[in-house]
Amino acid sequence: MYIIGISAFYHDSSVALFRDNQLIFACEEEKFSGVKHDSRFPTKTLEYIFKHYKLNDKNIQAVCYYEDPKLKYERVLKNIKNQWITNPIYSLKSYFKIKNNRKQIDQKLKEISPNVFYSTHHESHLYYSYYTSSFDNALCLSIDGVGEHDTTSVGYCGYGGIEYKTISTYPHSLGLYYTAMTSFLGFRPNEGEYKLMGLASYGNPDPFLENVRKLITYKNGNLKCNLDVFTWNKSDKIMFNEKLAELLGVEQRLPEEKITTIHENLAASVQKVYEEIMFAILKSISPSTESTNLCLGGGCAYNGTANGKIINNSSFKKLWIPAAPSDAGSAIGAILHYLVKERKIRNKITKNPFLGPEYLYNDIKKSLHGQKYKHFLSERGLREYVAKELQKGKVIGWFQGHCEFGARALGHRSILANPTLDGMKDRINKVIKKREGFRPFAPMVTIDDQNTYFEMNGDIPYMNQVVMVKNEFRNILKATTHVDGTARVQTVYKNTQMYHLLKEFEKQSGYPILLNTSFNVKDKTMVLTPKDAIETFHDTEMDLLVLGNYIVKK
């Protein structure tokens, strides 16, 4: 029997599928639709799994949704209750939007199965992060913009389930604070937060720190945002008003404007205050449990700069962040919540992030029509060729197996390059990824060599922690070492094709490390099919494309 999990209508809509209580598929809608961070109901992904797995009325046990529309409806009504007279247009729009949304969700889910289970937003985050960990017990923390009511929550986790506790509620939100400041700095909300994080490394937080601390506080267990300047609870178009610029003493940066030292310093202060709040929350909840294991969930779990400091700056000894901690992963979390509640699961599920569609020999061969290519009969021969080309400075598109699930779970749809070469970072940013030059790239490294080059506290399989590059290698690993001497590392495990490629590259270069970034260009989604890969390859200045055991040339 199959169980379908769905996340939709905010951002990163997705679908997950369990068969006989085992996770077998998960994919974001954006990969099928081509719309980045697609928030619509995941129709195309559902069409794929219904056809691929031959789903029907008789073999679908249940459909699980990642939040509770009833609770969300209550939150919206509570928020607009006191604004009917002072803010009537916003109030009416919010009311009709949430009413129609609730009706639409119920209708669409019941078309899939009469057995509908509604999780809650933060419980979906918590169940996903805990049940993909290797911990017997743990404290799970979920931080994001907003769920139904909660914006930060904690779970005390064991095999019997999760004891849930609210930390902060809407409109007070650490996630919305960070998103609003992302917008203030000229980046797109719910997408550009990682740009703010990358930009912060260039700046000095001190010039703005005192004023930024006036935007959000956490005292005596209470999170408070400055709602005199933030307006996300009063408007569906803007997240702040003119008072924010007055308080900070700097005008909002528009997207097309040049980034200056002022913006770098402001980004640094925003990041520092985020970390101050997060560590204050961790300090306040850690005495509540004897466990020193921490799982992170929610969109804020993508803040790798803060995550990389947790082990050294808290009482926690081990940290786990899953492949897709934001709303996309909650499609899996909703099913897990259902299974635990129904007492149909006690064991952990797979950590494998390669859960999307797979395109095999016939699909690849068909896509090669009209292309110039070379075929390798063995994986070893392919790896030897690719490693030599990487050592020469070639930038290579890499397409293998099942598509990844999660924005940081790379390795099957990747762009690879030699991290030791001068100018490689700028080249990929400018003519291949076509994005801002300050954006850093991540190094992937073999598990048995990671501690040689980086100051690690355990494995980091999904690039969701920023760590220090050891001093002696910062000038060597030029393309993957950020301006502040850090890197967003990805651990690569043994007995995988990528591990063997890294070892082959080590024979050529002396380093089992490659620059690894997602196979897409700015404002485009990651490639899904061989056809997508070929089109993106020809639209950029990549030198070679690997499709299975084929090398495509220009």
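A cavity is a set of grid points where a 1.4 Å probe fits but cannot get out, while a pocket is an open set. Keep that distinction in mind as we tour this predicted model.

**Enclosed spaces**

Rolling a probe the size of a water molecule over the atoms shows where empty space is left. Here, three cavities of 30 Å³ or more turn up. The second largest cavity holds about 80 Å³ of space. Its lining is made of 14 residues, and those nearest the centre are Tyr128, Ala323, Thr350, Lys351 and Asn352. By class, this lining splits into ten nonpolar residues, three polar and one charged.

**Open spaces**

Now for the pockets. The largest pocket has a volume of about 1,000 Å³. Among the 34 residues lining the largest pocket, Tyr10, Arg75, Lys97, Trp232 and Asp236 are the closest to its centre. Which helix gives the largest share of the lining of the largest pocket? That is α4, with six residues. Helices α3 (69-80), α4 (88-112) and α6 (174-184) each supply at least two lining residues there.

The second largest pocket contains about 620 Å³ of space. Three elements give two or more residues to its lining: β12 (318-320), β19 (490-492) and α17 (497-509). In all, 30 residues line the second largest pocket, and Pro461, Tyr462, Thr491, Val492 and Tyr493 lie nearest its centre.

The table sets out the lining classes of the two pockets.

| Space | Volume | Nonpolar | Polar | Charged |
|---|---|---|---|---|
| Largest pocket | about 1,000 Å³ | 13 residues | eleven residues | ten residues |
| Second largest pocket | about 620 Å³ | 14 residues | twelve residues | four residues |

**A sheet and the helix across it**

Strands of a sheet pair through backbone hydrogen bonds, either parallel or antiparallel. In this model, five strands build an open sheet with mixed pairing, in the order β8-β7-β6-β11-β12. Why do β8 (161-169) and β12 each have one side without a neighbour in the sheet? Both stand at the edges with a single partner strand, so one side of each is left free of a neighbour in the sheet. From one strand to the next, the twist averages 20°.

Look more closely at β11 (residues 293-297) and β12: these strands run parallel and are joined by three bridges. One pairing to find is Asn293, whose bridge partner in β12 is Lys318. Helix α5 (residues 121-131) lies across β6 (138-143), β7 (150-158), β8, β11 and β12, and runs at about 40° to β7.

**A meeting of residues from far along the chain**

Ser201 sits in the loop between α7 (193-200) and α8 (206-212). How many residues separate Ser201 and His482 in sequence? The answer is 281, yet their C-alpha atoms are 7.9 Å apart in space. The side chains of Ser201 and His482 make a polar contact at 3.4 Å. Leaving aside residues up to four places away in sequence, Ser201 touches His482, Val483 and Asp484.

**Two backbone details**

Most residues other than glycine have a negative phi, and most peptide bonds are trans. Against that background, two spots are worth finding. Tyr170 and Pro171 are joined by a cis peptide bond, with omega about 10°, and Pro171 lies in the loop between β8 and α6. Asp20 is not a glycine, but has a positive phi of about 50°. You will find Asp20 in the loop between β2 (14-19) and β3 (22-28).

Conventions
Residues are numbered from 1 along each chain as its sequence is written. This is a predicted model: local features need pLDDT of at least 70, side-chain atom pairs count only at pLDDT 80 or more; totals for chains, interfaces and linings use all residues. Side-chain values use heavy atoms; hydrogens and water are left out. On a 1 Å grid over the protein atoms alone, a cavity is a set of points where a 1.4 Å probe fits but cannot get out, and a pocket is an open set with protein on both sides within 12 Å along at least five of seven lines; lining residues have an atom within 4 Å of a point. Grid points are joined across faces, edges and corners, and a volume is the space filled by probe spheres set on the points. Helices (H or I, at least four residues) and strands (E, at least two) are DSSP runs, numbered from the N terminus. Ala, Val, Leu, Ile, Met, Phe, Trp, Tyr, Cys and Pro count as nonpolar, Asp, Glu, Lys and Arg as charged, and the others, Gly among them, as polar. Contact means heavy atoms within 4.5 Å. A polar contact is a pair of N or O atoms within 3.5 Å; within protein, one must be able to donate a hydrogen and the other to accept it, and residues adjacent in sequence count only if both atoms are side-chain atoms. Two strands pair if DSSP finds at least two bridges between them. Axes are lines fitted to C-alpha atoms, for helices over the stretch in contact, and angles run from 0 to 180 degrees between N-to-C directions.
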